[in-house]
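Here's a quick tour for anyone meeting this structure for the first time. We'll go through strand pairing, nonpolar cores, charged pairs and aromatic rings.

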Amino acid sequence: MRIRVSGQALGSYRGPLLAAGLFEGQKLEESPLNELDLASGGWLKRLLAAGDFRGKKDEVLVQRTMGALPFHRLMLVGLGKREKFKVDTWRGALSTVARRCREMRLEEFAVAMNFPEEKGMERETMAWASAEGILLGLYRFKGFKSKEEEELRDPAEAVLLFRGRASGKLEKAVREAQIVCEAVSWVRDLVAMPSNKLTPQILADEALRMCRAKGLRCRVLDEREMKALGMGALLGVASGSKEPPRLIVVEHGKPSRLTPTIALVGKGITFDSGGISLKPAEKMDQMKDDMAGGAAVLGTLRAASELGLPLHLVGVVPATENLPSGSAYKPGDVLTTMSGQTIEVSNTDAEGRLILADAIAFALRYKPKVLIDVATLTGACIVALGDSIAGIMGNDPRLLEKLREAGEKTGEEVWPLPLKEEYEELIKSEVADVKNAGGREAGAIQGGLFLKRFVGDTPWVHLDIAGPVWTEKERPYRPKGPTGFGVRLLVEFLRNYG
Ligand code: BES
Ligand code: MN
Ligand code: ZN
(Lines give C-alpha, C1' and ligand atoms only; values in the text may rest on other atoms or scores of the structure.)
(Ligands and ions follow the chains in the order given, each with its own letter.)
Protein backbone atom coordinates (compact mmCIF):
# COMPACT_ATOMS: atom_id res chain seq x y z
CA MET A 1 0.00 0.00 0.00
CA ARG A 2 1.12 3.52 -0.84
CA ILE A 3 1.08 6.28 1.74
CA ARG A 4 1.50 9.80 0.44
CA VAL A 5 2.03 13.13 2.10
CA SER A 6 0.29 16.14 0.61
CA GLY A 7 0.04 19.85 1.35
CA GLN A 8 -3.39 20.15 -0.20
CA ALA A 9 -6.11 22.06 1.67
CA LEU A 10 -8.82 19.86 3.20
CA GLY A 11 -11.56 21.66 1.34
CA SER A 12 -10.03 20.98 -2.06
CA TYR A 13 -9.43 17.24 -1.66
CA ARG A 14 -11.30 15.25 -4.28
CA GLY A 15 -11.64 11.56 -3.57
CA PRO A 16 -13.85 8.89 -2.07
CA LEU A 17 -13.30 9.73 1.61
CA LEU A 18 -11.68 12.21 3.95
CA ALA A 19 -11.16 11.09 7.55
CA ALA A 20 -10.79 13.56 10.41
CA GLY A 21 -10.33 13.11 14.13
CA LEU A 22 -12.27 15.03 16.76
CA PHE A 23 -11.97 15.10 20.53
CA GLU A 24 -14.86 14.50 22.85
CA GLY A 25 -16.88 17.68 23.15
CA GLN A 26 -14.57 19.61 20.82
CA LYS A 27 -16.16 22.71 19.34
CA LEU A 28 -15.90 22.95 15.60
CA GLU A 29 -14.68 26.54 15.88
CA GLU A 30 -11.76 25.35 18.00
CA SER A 31 -10.89 22.61 15.58
CA PRO A 32 -8.85 22.78 12.38
CA LEU A 33 -11.89 21.32 10.70
CA ASN A 34 -13.52 24.73 10.88
CA GLU A 35 -12.18 25.43 7.39
CA LEU A 36 -14.18 22.44 6.14
CA ASP A 37 -17.29 23.81 7.73
CA LEU A 38 -16.78 27.14 6.02
CA ALA A 39 -16.10 25.45 2.69
CA SER A 40 -19.31 23.45 3.10
CA GLY A 41 -21.44 26.43 3.99
CA GLY A 42 -22.18 25.23 7.53
CA TRP A 43 -22.98 21.61 6.57
CA LEU A 44 -20.48 20.18 9.04
CA LYS A 45 -21.79 22.31 11.90
CA ARG A 46 -25.33 21.12 11.23
CA LEU A 47 -24.09 17.53 11.07
CA LEU A 48 -22.40 17.79 14.48
CA ALA A 49 -25.37 19.66 15.97
CA ALA A 50 -27.53 16.69 15.03
CA GLY A 51 -25.70 14.92 17.85
CA ASP A 52 -24.87 11.61 16.17
CA PHE A 53 -21.17 11.98 16.87
CA ARG A 54 -19.65 12.70 20.24
CA GLY A 55 -15.96 12.08 19.69
CA LYS A 56 -15.70 9.10 22.03
CA LYS A 57 -12.54 7.07 21.46
CA ASP A 58 -12.87 4.88 18.36
CA GLU A 59 -16.36 6.16 17.58
CA VAL A 60 -16.85 6.44 13.83
CA LEU A 61 -19.39 8.33 11.76
CA VAL A 62 -19.41 8.18 7.97
CA GLN A 63 -21.55 10.66 6.09
CA ARG A 64 -22.07 11.22 2.39
CA THR A 65 -21.24 14.84 1.64
CA MET A 66 -23.88 15.02 -1.11
CA GLY A 67 -22.06 17.80 -2.90
CA ALA A 68 -21.47 19.94 0.18
CA LEU A 69 -17.73 19.22 -0.19
CA PRO A 70 -15.61 18.04 -3.13
CA PHE A 71 -14.97 14.57 -1.64
CA HIS A 72 -17.70 11.93 -1.44
CA ARG A 73 -17.67 10.92 2.21
CA LEU A 74 -16.52 12.43 5.44
CA MET A 75 -15.44 10.01 8.16
CA LEU A 76 -15.29 11.43 11.66
CA VAL A 77 -13.27 9.38 14.10
CA GLY A 78 -13.40 9.95 17.85
CA LEU A 79 -10.15 10.70 19.64
CA GLY A 80 -11.61 10.60 23.15
CA LYS A 81 -10.74 13.09 25.84
CA ARG A 82 -8.31 15.80 24.80
CA GLU A 83 -6.20 15.49 27.96
CA LYS A 84 -5.77 11.74 27.48
CA PHE A 85 -4.64 12.00 23.87
CA LYS A 86 -1.31 10.31 23.09
CA VAL A 87 0.55 9.36 19.94
CA ASP A 88 -0.77 5.87 20.49
CA THR A 89 -4.36 7.20 20.35
CA TRP A 90 -3.57 8.49 16.87
CA ARG A 91 -2.10 5.13 15.78
CA GLY A 92 -5.31 3.48 16.96
CA ALA A 93 -7.55 6.03 15.26
CA LEU A 94 -5.74 5.66 11.92
CA SER A 95 -5.96 1.91 12.17
CA THR A 96 -9.72 2.23 12.69
CA VAL A 97 -9.98 4.56 9.70
CA ALA A 98 -8.00 2.22 7.43
CA ARG A 99 -9.97 -0.84 8.44
CA ARG A 100 -13.31 0.89 7.95
CA CYS A 101 -12.19 2.05 4.51
CA ARG A 102 -11.29 -1.53 3.63
CA GLU A 103 -14.73 -2.71 4.76
CA MET A 104 -16.23 -0.01 2.56
CA ARG A 105 -14.08 -1.32 -0.32
CA LEU A 106 -12.51 2.05 -0.98
CA GLU A 107 -9.47 2.26 -3.23
CA GLU A 108 -8.16 5.36 -1.52
CA PHE A 109 -8.70 7.64 1.46
CA ALA A 110 -7.29 10.86 2.85
CA VAL A 111 -6.64 11.89 6.43
CA ALA A 112 -6.77 15.40 7.86
CA MET A 113 -3.56 15.64 9.87
CA ASN A 114 -4.93 17.76 12.66
CA PHE A 115 -3.68 17.07 16.17
CA PRO A 116 -2.35 19.11 19.06
CA GLU A 117 1.18 20.19 18.16
CA GLU A 118 2.99 19.74 21.42
CA LYS A 119 6.21 18.11 22.58
CA GLY A 120 6.40 14.50 21.47
CA MET A 121 3.72 15.12 18.85
CA GLU A 122 5.79 16.83 16.22
CA ARG A 123 4.56 16.46 12.66
CA GLU A 124 7.24 13.89 11.72
CA THR A 125 6.25 11.76 14.70
CA MET A 126 2.58 11.95 13.77
CA ALA A 127 3.28 11.14 10.11
CA TRP A 128 5.29 8.14 11.28
CA ALA A 129 2.51 7.07 13.68
CA SER A 130 -0.10 7.45 10.92
CA ALA A 131 1.74 5.03 8.68
CA GLU A 132 2.08 2.61 11.60
CA GLY A 133 -1.62 2.78 12.45
CA ILE A 134 -2.67 2.21 8.85
CA LEU A 135 -0.19 -0.54 7.92
CA LEU A 136 -0.24 -2.46 11.18
CA GLY A 137 -4.02 -2.13 11.47
CA LEU A 138 -4.58 -3.65 8.02
CA TYR A 139 -2.32 -6.65 8.72
CA ARG A 140 -3.81 -10.12 8.23
CA PHE A 141 -2.20 -13.54 8.43
CA LYS A 142 -2.88 -15.43 5.21
CA GLY A 143 -3.45 -18.82 6.84
CA PHE A 144 -3.88 -22.18 5.17
CA LYS A 145 -7.55 -22.52 4.19
CA SER A 146 -7.86 -24.67 1.09
CA LYS A 147 -10.78 -22.67 -0.30
CA GLU A 148 -10.05 -19.00 -0.89
CA GLU A 149 -12.40 -17.02 1.28
CA GLU A 150 -13.55 -13.81 -0.27
CA GLU A 151 -11.06 -11.38 1.18
CA LEU A 152 -11.52 -7.65 1.06
CA ARG A 153 -8.72 -5.89 -0.76
CA ASP A 154 -6.68 -3.32 1.12
CA PRO A 155 -7.05 0.26 -0.08
CA ALA A 156 -4.23 1.01 -2.52
CA GLU A 157 -3.41 4.47 -1.27
CA ALA A 158 -3.72 6.77 1.72
CA VAL A 159 -3.01 10.50 1.58
CA LEU A 160 -1.97 12.41 4.68
CA LEU A 161 -3.12 16.01 4.30
CA PHE A 162 -0.82 18.44 6.05
CA ARG A 163 -2.46 21.56 4.61
CA GLY A 164 0.28 23.58 3.02
CA ARG A 165 2.92 22.09 5.25
CA ALA A 166 4.02 18.91 3.49
CA SER A 167 7.77 18.47 3.31
CA GLY A 168 10.53 16.06 2.42
CA LYS A 169 10.99 15.40 6.13
CA LEU A 170 7.44 14.15 6.43
CA GLU A 171 7.85 11.98 3.37
CA LYS A 172 11.00 10.50 4.85
CA ALA A 173 9.20 9.74 8.11
CA VAL A 174 6.47 7.89 6.25
CA ARG A 175 8.97 5.99 4.12
CA GLU A 176 10.94 4.89 7.17
CA ALA A 177 7.80 3.92 9.07
CA GLN A 178 6.84 1.84 6.09
CA ILE A 179 10.15 -0.03 6.22
CA VAL A 180 9.67 -0.78 9.89
CA CYS A 181 6.04 -1.87 9.44
CA GLU A 182 6.98 -4.25 6.65
CA ALA A 183 9.51 -5.81 9.03
CA VAL A 184 6.82 -6.03 11.73
CA SER A 185 4.40 -7.73 9.34
CA TRP A 186 7.10 -10.19 8.28
CA VAL A 187 7.72 -11.00 11.94
CA ARG A 188 3.98 -11.40 12.59
CA ASP A 189 3.80 -13.93 9.75
CA LEU A 190 6.71 -15.93 11.20
CA VAL A 191 5.19 -15.91 14.68
CA ALA A 192 1.78 -17.02 13.39
CA MET A 193 3.28 -19.91 11.45
CA PRO A 194 2.55 -23.33 13.00
CA SER A 195 5.56 -25.39 14.03
CA ASN A 196 5.24 -27.99 11.27
CA LYS A 197 5.52 -25.17 8.72
CA LEU A 198 8.26 -23.35 10.59
CA THR A 199 10.91 -25.76 11.82
CA PRO A 200 14.33 -24.49 12.92
CA GLN A 201 15.62 -25.22 9.41
CA ILE A 202 12.75 -23.36 7.76
CA LEU A 203 13.27 -20.40 10.10
CA ALA A 204 16.94 -20.42 9.08
CA ASP A 205 15.96 -20.57 5.40
CA GLU A 206 13.59 -17.63 5.87
CA ALA A 207 16.36 -15.68 7.57
CA LEU A 208 18.80 -16.46 4.75
CA ARG A 209 16.27 -15.40 2.15
CA MET A 210 15.46 -12.17 3.96
CA CYS A 211 19.16 -11.39 4.40
CA ARG A 212 19.86 -11.90 0.72
CA ALA A 213 17.02 -9.56 -0.18
CA LYS A 214 17.96 -6.87 2.33
CA GLY A 215 21.74 -6.90 2.08
CA LEU A 216 22.58 -8.53 5.41
CA ARG A 217 25.21 -11.17 6.08
CA CYS A 218 23.81 -14.44 7.42
CA ARG A 219 25.40 -17.63 8.64
CA VAL A 220 23.61 -20.73 9.91
CA LEU A 221 25.44 -23.09 12.27
CA ASP A 222 24.50 -26.77 12.39
CA GLU A 223 24.82 -29.37 15.14
CA ARG A 224 28.39 -30.25 14.24
CA GLU A 225 29.49 -26.65 14.67
CA MET A 226 27.50 -26.35 17.90
CA LYS A 227 29.30 -29.40 19.26
CA ALA A 228 32.64 -27.92 18.31
CA LEU A 229 31.74 -24.74 20.17
CA GLY A 230 30.62 -26.69 23.23
CA MET A 231 26.98 -25.57 23.13
CA GLY A 232 25.77 -28.30 25.47
CA ALA A 233 22.67 -26.40 26.58
CA LEU A 234 21.31 -25.71 23.10
CA LEU A 235 22.09 -29.29 22.04
CA GLY A 236 20.50 -30.60 25.24
CA VAL A 237 17.20 -28.87 24.53
CA ALA A 238 17.31 -30.02 20.91
CA SER A 239 18.01 -33.66 21.75
CA GLY A 240 14.34 -34.63 22.08
CA SER A 241 13.42 -33.60 18.56
CA LYS A 242 13.94 -35.12 15.14
CA GLU A 243 14.29 -31.60 13.75
CA PRO A 244 17.92 -30.54 14.00
CA PRO A 245 18.67 -27.23 15.80
CA ARG A 246 20.11 -24.22 14.00
CA LEU A 247 21.97 -21.17 15.23
CA ILE A 248 21.15 -18.24 12.98
CA VAL A 249 23.68 -15.39 12.94
CA VAL A 250 22.85 -12.18 11.09
CA GLU A 251 25.15 -9.21 10.74
CA HIS A 252 24.62 -5.60 9.69
CA GLY A 253 27.48 -3.15 9.21
CA LYS A 254 31.09 -3.46 10.35
CA PRO A 255 32.61 -2.74 13.73
CA SER A 256 34.35 0.63 13.93
CA ARG A 257 34.79 3.57 16.26
CA LEU A 258 31.78 5.23 14.69
CA THR A 259 29.66 2.11 14.44
CA PRO A 260 29.62 0.34 17.81
CA THR A 261 28.67 -3.31 18.02
CA ILE A 262 25.32 -4.18 19.50
CA ALA A 263 24.29 -7.80 19.92
CA LEU A 264 20.64 -8.87 19.80
CA VAL A 265 19.85 -12.40 20.95
CA GLY A 266 16.37 -13.86 20.42
CA LYS A 267 14.79 -17.07 21.70
CA GLY A 268 13.85 -19.28 18.76
CA ILE A 269 11.89 -22.22 20.15
CA THR A 270 9.72 -23.16 17.16
CA PHE A 271 7.58 -25.33 19.42
CA ASP A 272 7.66 -25.65 23.19
CA SER A 273 5.88 -28.74 24.51
CA GLY A 274 7.77 -28.43 27.78
CA GLY A 275 9.80 -31.54 26.93
CA ILE A 276 9.77 -34.34 29.53
CA SER A 277 8.33 -31.80 32.01
CA LEU A 278 5.41 -31.71 29.60
CA LYS A 279 3.00 -28.78 29.57
CA PRO A 280 -0.76 -29.30 30.05
CA ALA A 281 -2.67 -29.82 26.77
CA GLU A 282 -4.74 -26.69 27.18
CA LYS A 283 -3.31 -23.89 25.03
CA MET A 284 -0.19 -25.91 24.24
CA ASP A 285 -0.86 -25.10 20.58
CA GLN A 286 -0.02 -21.49 21.38
CA MET A 287 3.58 -22.54 21.96
CA LYS A 288 4.19 -22.22 18.23
CA ASP A 289 4.86 -18.57 19.08
CA ASP A 290 7.82 -19.36 21.32
CA MET A 291 10.20 -18.11 18.63
CA ALA A 292 8.75 -14.59 18.72
CA GLY A 293 11.90 -13.17 20.33
CA GLY A 294 14.06 -14.67 17.60
CA ALA A 295 11.72 -13.38 14.93
CA ALA A 296 11.78 -9.89 16.50
CA VAL A 297 15.59 -9.93 16.34
CA LEU A 298 15.54 -10.92 12.67
CA GLY A 299 12.91 -8.28 11.92
CA THR A 300 14.94 -5.62 13.71
CA LEU A 301 18.00 -6.43 11.62
CA ARG A 302 15.90 -6.37 8.49
CA ALA A 303 14.65 -2.87 9.30
CA ALA A 304 18.06 -1.67 10.49
CA SER A 305 19.62 -2.68 7.18
CA GLU A 306 16.98 -0.93 5.11
CA LEU A 307 17.18 2.17 7.26
CA GLY A 308 20.96 2.10 6.96
CA LEU A 309 21.51 2.55 10.71
CA PRO A 310 25.11 3.56 11.48
CA LEU A 311 25.78 0.60 13.77
CA HIS A 312 27.36 -2.82 13.72
CA LEU A 313 24.57 -5.20 14.66
CA VAL A 314 24.84 -8.90 15.36
CA GLY A 315 21.64 -10.91 15.67
CA VAL A 316 21.89 -14.37 17.17
CA VAL A 317 18.90 -16.72 17.13
CA PRO A 318 19.19 -20.21 18.62
CA ALA A 319 16.41 -22.23 16.99
CA THR A 320 15.12 -25.61 18.12
CA GLU A 321 12.05 -27.52 19.19
CA ASN A 322 11.53 -28.60 22.79
CA LEU A 323 9.97 -32.09 22.68
CA PRO A 324 9.85 -35.22 24.83
CA SER A 325 11.21 -38.48 23.39
CA GLY A 326 13.56 -41.35 24.16
CA SER A 327 16.48 -39.14 23.29
CA ALA A 328 15.22 -36.05 25.11
CA TYR A 329 17.14 -34.35 27.88
CA LYS A 330 15.70 -35.10 31.27
CA PRO A 331 15.07 -33.39 34.60
CA GLY A 332 18.18 -33.77 36.72
CA ASP A 333 20.54 -33.77 33.74
CA VAL A 334 23.58 -31.55 33.94
CA LEU A 335 24.52 -29.61 30.80
CA THR A 336 27.85 -27.93 30.08
CA THR A 337 27.48 -24.63 28.25
CA MET A 338 29.77 -22.86 25.80
CA SER A 339 30.78 -20.51 28.63
CA GLY A 340 32.01 -23.47 30.66
CA GLN A 341 29.35 -23.04 33.32
CA THR A 342 27.33 -26.12 34.17
CA ILE A 343 23.54 -26.16 34.54
CA GLU A 344 21.36 -28.62 36.39
CA VAL A 345 18.09 -29.06 34.50
CA SER A 346 15.45 -28.94 37.21
CA ASN A 347 12.66 -28.50 34.65
CA THR A 348 12.95 -29.17 30.92
CA ASP A 349 10.23 -26.57 30.34
CA ALA A 350 12.64 -23.80 31.35
CA GLU A 351 14.38 -24.35 28.01
CA GLY A 352 14.51 -20.75 26.80
CA ARG A 353 17.22 -19.68 29.24
CA LEU A 354 19.25 -22.76 28.31
CA ILE A 355 19.45 -22.00 24.62
CA LEU A 356 19.96 -18.31 25.39
CA ALA A 357 22.92 -19.13 27.66
CA ASP A 358 24.80 -20.60 24.69
CA ALA A 359 23.61 -17.96 22.25
CA ILE A 360 24.75 -15.20 24.61
CA ALA A 361 28.17 -16.83 24.97
CA PHE A 362 28.39 -16.91 21.19
CA ALA A 363 27.31 -13.27 20.86
CA LEU A 364 29.94 -12.16 23.39
CA ARG A 365 32.67 -13.24 20.96
CA TYR A 366 31.81 -10.11 18.97
CA LYS A 367 32.63 -8.02 22.05
CA PRO A 368 29.41 -6.00 21.90
CA LYS A 369 29.06 -2.65 23.68
CA VAL A 370 25.51 -3.69 24.52
CA LEU A 371 23.72 -7.02 24.52
CA ILE A 372 19.94 -7.26 24.46
CA ASP A 373 18.10 -10.55 24.69
CA VAL A 374 14.47 -10.91 23.70
CA ALA A 375 12.48 -13.95 24.75
CA THR A 376 9.04 -15.36 25.49
CA LEU A 377 10.66 -16.60 28.66
CA THR A 378 8.11 -17.00 31.44
CA GLY A 379 4.42 -17.43 32.09
CA ALA A 380 5.17 -15.64 35.36
CA CYS A 381 5.85 -12.42 33.44
CA ILE A 382 2.35 -12.62 31.93
CA VAL A 383 0.92 -13.10 35.42
CA ALA A 384 2.84 -10.02 36.59
CA LEU A 385 2.33 -7.62 33.68
CA GLY A 386 -0.46 -9.02 31.51
CA ASP A 387 -0.46 -9.32 27.76
CA SER A 388 0.43 -5.81 26.70
CA ILE A 389 3.57 -5.02 28.68
CA ALA A 390 6.98 -6.69 28.52
CA GLY A 391 9.16 -7.24 31.56
CA ILE A 392 12.56 -5.59 31.43
CA MET A 393 15.61 -6.44 33.51
CA GLY A 394 19.29 -5.66 33.20
CA ASN A 395 22.56 -4.57 34.72
CA ASP A 396 22.81 -1.02 33.36
CA PRO A 397 20.34 1.64 34.56
CA ARG A 398 21.07 4.01 31.67
CA LEU A 399 20.31 1.33 29.14
CA LEU A 400 17.09 0.38 30.93
CA GLU A 401 16.00 4.00 30.83
CA LYS A 402 16.73 4.23 27.09
CA LEU A 403 14.55 1.21 26.43
CA ARG A 404 11.80 2.56 28.64
CA GLU A 405 11.81 5.75 26.56
CA ALA A 406 11.70 3.77 23.33
CA GLY A 407 8.76 1.84 24.78
CA GLU A 408 6.87 4.98 25.59
CA LYS A 409 7.48 6.43 22.16
CA THR A 410 6.46 3.32 20.22
CA GLY A 411 3.64 2.12 22.45
CA GLU A 412 5.56 -1.14 22.94
CA GLU A 413 5.69 -0.73 26.67
CA VAL A 414 8.19 -2.27 29.05
CA TRP A 415 8.16 -2.34 32.85
CA PRO A 416 11.16 -3.02 35.09
CA LEU A 417 11.47 -6.01 37.40
CA PRO A 418 14.26 -6.00 39.99
CA LEU A 419 17.16 -8.45 39.67
CA LYS A 420 17.35 -8.92 43.42
CA GLU A 421 20.58 -10.71 44.32
CA GLU A 422 19.01 -12.41 47.30
CA TYR A 423 16.80 -14.37 44.90
CA GLU A 424 19.85 -16.03 43.35
CA GLU A 425 19.33 -18.55 46.17
CA LEU A 426 16.30 -19.83 44.27
CA ILE A 427 18.37 -21.11 41.36
CA LYS A 428 21.30 -22.47 43.36
CA SER A 429 22.13 -26.07 42.50
CA GLU A 430 23.65 -28.77 44.68
CA VAL A 431 25.47 -30.37 41.78
CA ALA A 432 26.08 -27.69 39.14
CA ASP A 433 26.91 -23.98 38.93
CA VAL A 434 23.24 -23.09 38.63
CA LYS A 435 19.86 -24.73 38.01
CA ASN A 436 17.43 -23.60 35.36
CA ALA A 437 14.27 -23.33 37.46
CA GLY A 438 13.60 -22.74 41.14
CA GLY A 439 9.90 -22.88 41.78
CA ARG A 440 7.08 -20.43 41.25
CA GLU A 441 8.08 -17.39 43.23
CA ALA A 442 9.62 -14.48 41.31
CA GLY A 443 9.49 -16.60 38.16
CA ALA A 444 10.29 -13.84 35.67
CA ILE A 445 13.10 -12.52 37.87
CA GLN A 446 14.62 -15.99 38.15
CA GLY A 447 14.85 -16.02 34.36
CA GLY A 448 16.67 -12.68 34.44
CA LEU A 449 19.02 -13.73 37.24
CA PHE A 450 19.86 -16.92 35.35
CA LEU A 451 20.75 -15.04 32.15
CA LYS A 452 22.76 -12.46 34.09
CA ARG A 453 25.29 -15.18 34.92
CA PHE A 454 26.10 -15.54 31.23
CA VAL A 455 26.56 -11.92 30.16
CA GLY A 456 29.51 -11.17 32.45
CA ASP A 457 30.02 -7.41 32.71
CA THR A 458 28.69 -6.52 29.28
CA PRO A 459 25.94 -3.89 29.56
CA TRP A 460 22.83 -6.01 29.10
CA VAL A 461 19.07 -5.89 28.94
CA HIS A 462 16.67 -8.82 29.09
CA LEU A 463 13.19 -8.38 27.61
CA ASP A 464 10.61 -10.98 28.67
CA ILE A 465 8.01 -10.61 25.94
CA ALA A 466 5.90 -13.70 26.76
CA GLY A 467 2.80 -11.50 27.20
CA PRO A 468 2.69 -8.98 24.36
CA VAL A 469 3.74 -11.15 21.39
CA TRP A 470 0.19 -12.39 20.88
CA THR A 471 -3.19 -10.80 21.47
CA GLU A 472 -6.43 -12.73 21.95
CA LYS A 473 -8.41 -9.48 21.75
CA GLU A 474 -8.73 -7.20 18.76
CA ARG A 475 -6.75 -4.11 19.66
CA PRO A 476 -6.18 -0.86 17.81
CA TYR A 477 -3.47 -1.55 15.19
CA ARG A 478 -2.92 -4.99 16.72
CA PRO A 479 -5.43 -7.32 15.12
CA LYS A 480 -6.08 -10.60 16.98
CA GLY A 481 -2.99 -12.79 16.66
CA PRO A 482 0.73 -12.08 16.50
CA THR A 483 1.75 -8.50 17.26
CA GLY A 484 5.37 -8.41 16.10
CA PHE A 485 6.24 -6.93 19.49
CA GLY A 486 9.85 -5.91 19.91
CA VAL A 487 10.71 -4.75 16.41
CA ARG A 488 9.46 -1.18 16.77
CA LEU A 489 10.84 -0.98 20.30
CA LEU A 490 14.32 -2.13 19.29
CA VAL A 491 14.45 -0.09 16.09
CA GLU A 492 13.53 3.03 18.05
CA PHE A 493 16.21 2.24 20.63
CA LEU A 494 18.82 1.68 17.91
CA ARG A 495 17.88 4.83 15.99
CA ASN A 496 18.63 6.87 19.10
CA TYR A 497 21.70 4.93 20.17
CA GLY A 498 24.87 6.89 20.70
N1 BES B 1 7.75 -20.50 26.56
C2 BES B 1 7.48 -20.64 27.94
C3 BES B 1 6.95 -19.35 28.56
C4 BES B 1 5.51 -19.06 28.28
C5 BES B 1 4.50 -19.71 28.99
C6 BES B 1 5.17 -18.13 27.33
C7 BES B 1 3.19 -19.42 28.71
C8 BES B 1 3.85 -17.85 27.05
C9 BES B 1 2.85 -18.50 27.74
C10 BES B 1 8.75 -21.04 28.68
O11 BES B 1 9.62 -21.85 27.98
C12 BES B 1 8.33 -21.80 29.88
O13 BES B 1 7.78 -22.85 29.73
N14 BES B 1 8.60 -21.25 31.05
C15 BES B 1 8.24 -21.89 32.27
C16 BES B 1 9.38 -21.73 33.22
C17 BES B 1 9.26 -22.57 34.46
C18 BES B 1 9.32 -24.04 34.14
C19 BES B 1 10.39 -22.19 35.39
C20 BES B 1 6.98 -21.21 32.80
O21 BES B 1 6.82 -20.01 32.65
O22 BES B 1 6.14 -21.92 33.34
MN1 MN C 1 9.13 -23.89 28.17
ZN1 ZN D 1 9.54 -21.73 25.97
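Let's start with how strand 8 and strand 11 line up in this predicted model. Strand 8 covers residues 246–252, and it pairs with strand 11 in the antiparallel sense over 7 bridges. If you want one spot to look at, find Arg246: its bridge partner in strand 11 is Ala319.

Strand 11 has other partners too. Strand 9 (residues 261–266) runs in the parallel sense with strand 11, over 5 bridges. There, Val265 stands opposite Val316 of strand 11. Strand 10 (residues 268–272) also pairs with strand 11 in the parallel sense, this time over 4 bridges. Asp272 is the residue that stands opposite Asn322 in strand 11.

So what about strand 11 itself: is it mostly covered or not? Strand 11 spans residues 312–322, and 11 of its 11 residues are buried. In a regular strand, side chains alternate between the two faces of the sheet. In strand 11, both faces are covered. One side carries His312, Val314, Val316, Pro318, Thr320 and Asn322, and the other carries Leu313, Gly315, Val317, Ala319 and Glu321, every one of them buried.

Next up are the nonpolar cores. The largest has 96 residues, and the members that touch the most others are Trp90, Phe109, Ile134, Ile248, Leu298, Ile372 and Leu463. Helix 5 (residues 168–192) gives this core its largest share, 13 residues. The core also draws on both domains, with at least three residues from each of domain 1 (2–163) and domain 2 (179–495). Another core lies apart from this one; it has 46 residues, including Met226, Met231, Leu451 and Trp460.

Leu298 is a handy residue to zoom in on. Leaving out residues up to four places away in sequence, Leu298 touches Trp186, Leu203, Ala207, Met210, Ile248, Val250 and Val317. You've already met Val317, which is one of the buried residues of strand 11.

On to the charges. Side chains of opposite charge can pair when their charged atoms come close. How many salt bridges does the structure hold? The count is 36. Here are three of them, with the distance between the closest N and O atoms:

| Acidic residue | Basic residue | Closest N and O atoms |
|---|---|---|
| Glu118 | Arg82 | 3.2 Å |
| Asp88 | Arg91 | 2.6 Å |
| Asp154 | Arg140 | 3.4 Å |

Take the pair of Glu118 and Arg82 in the table. This salt bridge links distant parts of the chain, 36 residues apart: Glu118 sits in the loop between strand 5 (108–112) and helix 4 (123–137), while Arg82 sits in the loop between strand 4 (73–78) and helix 3 (87–103). Glu118 has a relative accessibility of 37%, so it counts as partly exposed. Arg82 counts as partly exposed as well, because its relative accessibility is 36%.

Asp88 and Arg91 are a local pair by contrast: both lie in helix 3, 3 residues apart, about one turn of the helix. Asp88 is partly exposed at 23% relative accessibility, whereas Arg91 is buried at 3%.

For the salt bridge between Asp154 and Arg140, the two residues are 14 residues apart, and each lies in the loop between helix 4 and strand 6 (157–161). Asp154 is partly exposed, with a relative accessible area of 32%, and Arg140 is partly exposed too, at 27% relative accessibility.

Some charged residues go beyond simple pairs. Lys172, Glu176, Lys409, Glu492 and Arg495 are linked in a network of salt bridges.

Last come the aromatic rings, with a count of 8 aromatic pairs. Phe23 and Phe85 make an edge-to-face pair, because their ring centres are 5.3 Å apart and their planes are at 85 degrees. Phe23 lies in the loop between strand 2 (17–22) and helix 1 (34–39), and Phe85 in the loop between strand 4 and helix 3, so the pair ties together parts 62 residues apart in sequence. Phe23 and Phe85 are both buried.

Phe85 also pairs with Trp90: the ring centres are 6.4 Å apart and the planes at 75 degrees, so this pair is edge-to-face. Trp90 is buried, like Phe85. Ring pairs join Phe23, Phe85, Trp90 and Phe115 into a cluster.

Conventions
Residues are numbered from 1 along each chain as its sequence is written. Chains are lettered from A and ligands numbered from 1 in the order in which they are written. This is a predicted model: local features need pLDDT of at least 70, side-chain atom pairs count only at pLDDT 80 or more; totals for chains, interfaces and linings use all residues. Side-chain values use heavy atoms; hydrogens and water are left out. Buried means under 20% relative accessible area, exposed over 50%, partly exposed in between (1.4 Å probe, protein chains only). Two strands pair if DSSP finds at least two bridges between them. A nonpolar core is a set of buried Ala, Val, Leu, Ile, Met, Phe, Trp, Tyr and Cys residues joined through side-chain atoms within 4.5 Å. Domain bounds come from an automatic or database domain assignment. Contact means heavy atoms within 4.5 Å. A salt bridge is a side-chain nitrogen of Lys or Arg within 4 Å of a carboxyl oxygen of Asp or Glu. Rings of Phe, Tyr and Trp (its six-membered ring) pair if their centres lie within 6.5 Å; planes under 30 degrees apart count as stacked, over 60 as edge-to-face and the rest as tilted.
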